[in-house]
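Trainee: Could you pick one part of this model and take me through it closely, then show me how it ties in with the rest? I'm new to it, so please explain the terms as you go.

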Amino acid sequence: RQAAGRPSDMKACCAILVNYHGAADIAEAVKSILLDAPELDIVVVDNSNDAHECARLVALLPSQVRVLNPKENLGFGRGCNLAWSATSSKFVFFVNPDVRLDHGCTRALLQAMEENPALAAVAPRQFLDQECEWHMPPAWLPTSVRAWVHEKAMRDSTAALRVAGAARAENLRLWTAGSPIRQRALSGGVFMLRRSALPLDELPFDPRFFMYFEDSDLCTRLRRQGAEMAIVPSARAVHAWRNLPHKATSMAD
């Protein structure tokens, strides 16, 4: 369903995905993007460093999708940066391989950005299941204050109840919103970034983050420059996050 307002310019946006030995997942993610926005430009970076995987990826993807092969595993952030530099689109839509867009998602995000120039980045409402019954909670920034609060909550039942109540209130504020709702941070799993929100020649992700928390760093930088971020409730996506064994080490690092 398209929200009321002026039509969105899909040619102003490019979707970026990063593959690591997951060609089938990438192909399904791309399929959901093209079903939602057939005219969208799409760039896929293949971090697999495997000629057979790259050939399989190219074979599974529509010919209109550009595949970049750096011939090494750059990590998620540097892979996204490579694709970012390969396009000049006004808006860049970062989509994880395990994300599937609901109909109207891309247009709703673009429309929110076009209607509010103060927004540097937007994200859809995310769900964990295809039936869209299990909501994902808001993203959070891993600050020292937050770490202290959680440590205290683990040792103090009164503090734990207060933290749980605050988290529930924040979750419900997002889950019941009917219009774009400002956020302290956005999940890097699926979000749209305004290119002009970053200083000229600055890349979205700090290359020192190989995988995980590069989105937290980006959101922190955007907040420091006074930029706004929001979740657009009319845009919906399923994020079937899986705790695969290789993720644990990357998150710990």
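**Starting from Val122**

Mentor: Let's begin with Val122, which counts as buried because its relative accessible area is 0%. Buried means under 20% relative accessible area, exposed means over 50%, and partly exposed lies in between, using a 1.4 Å probe and protein chains only. A bit of housekeeping: this is a predicted model, so local features need pLDDT of at least 70 and side-chain atom pairs count only at pLDDT 80 or more, while totals for chains, interfaces and linings use all residues. Residues are numbered from 1 along each chain as its sequence is written, and side-chain values use heavy atoms, with hydrogens and water left out.

Val122 belongs to strand β6, residues 119-127. Helices (H or I, at least four residues) and strands (E, at least two) are DSSP runs numbered from the N terminus. So who surrounds it? Setting aside residues up to four places away in sequence, Val122 touches Leu109, Met113, Leu186, Phe191, Met192, Ala230 and Val232, where contact means heavy atoms within 4.5 Å. Take Leu109: it is 13 residues away along the chain, and its C-alpha atom is 6.5 Å from that of Val122.

Leu109 and Met113 lead us to helix α4, where both are among the buried residues. This helix, residues 105-115, is largely enclosed by the rest of the structure, because nine of its eleven residues are buried. Polar residues are on that buried list too, including Thr106, Gln111 and Glu114.

Met192, another contact of Val122, opens up the wider picture. It is one of the residues with the most contacts inside the largest nonpolar core, which has 38 residues, and Leu17 is another. (A nonpolar core is a set of buried Ala, Val, Leu, Ile, Met, Phe, Trp, Tyr and Cys residues joined through side-chain atoms within 4.5 Å.) Helix α1, residues 23-36, gives this core its largest share, seven residues. Leu17 shows the link nicely: leaving out neighbours within four places, its contacts include Ile26, Ala29, Val30 and Ile33. There's also a second, separate core of 30 residues, with Ala83, Ala177, Phe205 and Leu218 among them.

Now look at α1 beside helix α2, residues 51-60: their axes come within 9 Å and cross at roughly 25°. Axes are lines fitted to C-alpha atoms, for helices over the stretch in contact, and angles run from 0 to 180 degrees between N-to-C directions. The two helices are therefore roughly parallel, the word for angles under 35 degrees. On the α1 side, Ala23, Ala24, Ile26 and Ala27 make the contact, and α2 supplies Glu53, Arg56, Leu57 and Leu60.

For a polar counterpart, try Asp98, in the loop between β4 (91-95) and β5 (99-101). At 8% relative accessibility, Asp98 is buried, and its side chain makes a 3.1 Å polar contact with that of His239. A polar contact is a pair of N or O atoms within 3.5 Å; within protein, one must be able to donate a hydrogen and the other to accept it, and residues adjacent in sequence count only if both atoms are side-chain atoms.

Stepping back, the chain has eight helices and nine strands, and 48% of its 253 residues are buried. Of the contacts between residues at least 6 apart in sequence, 77% join residues at least 24 apart.

Conventions
Parallel < 35°, antiparallel > 145°, perpendicular 65-115°, else oblique.
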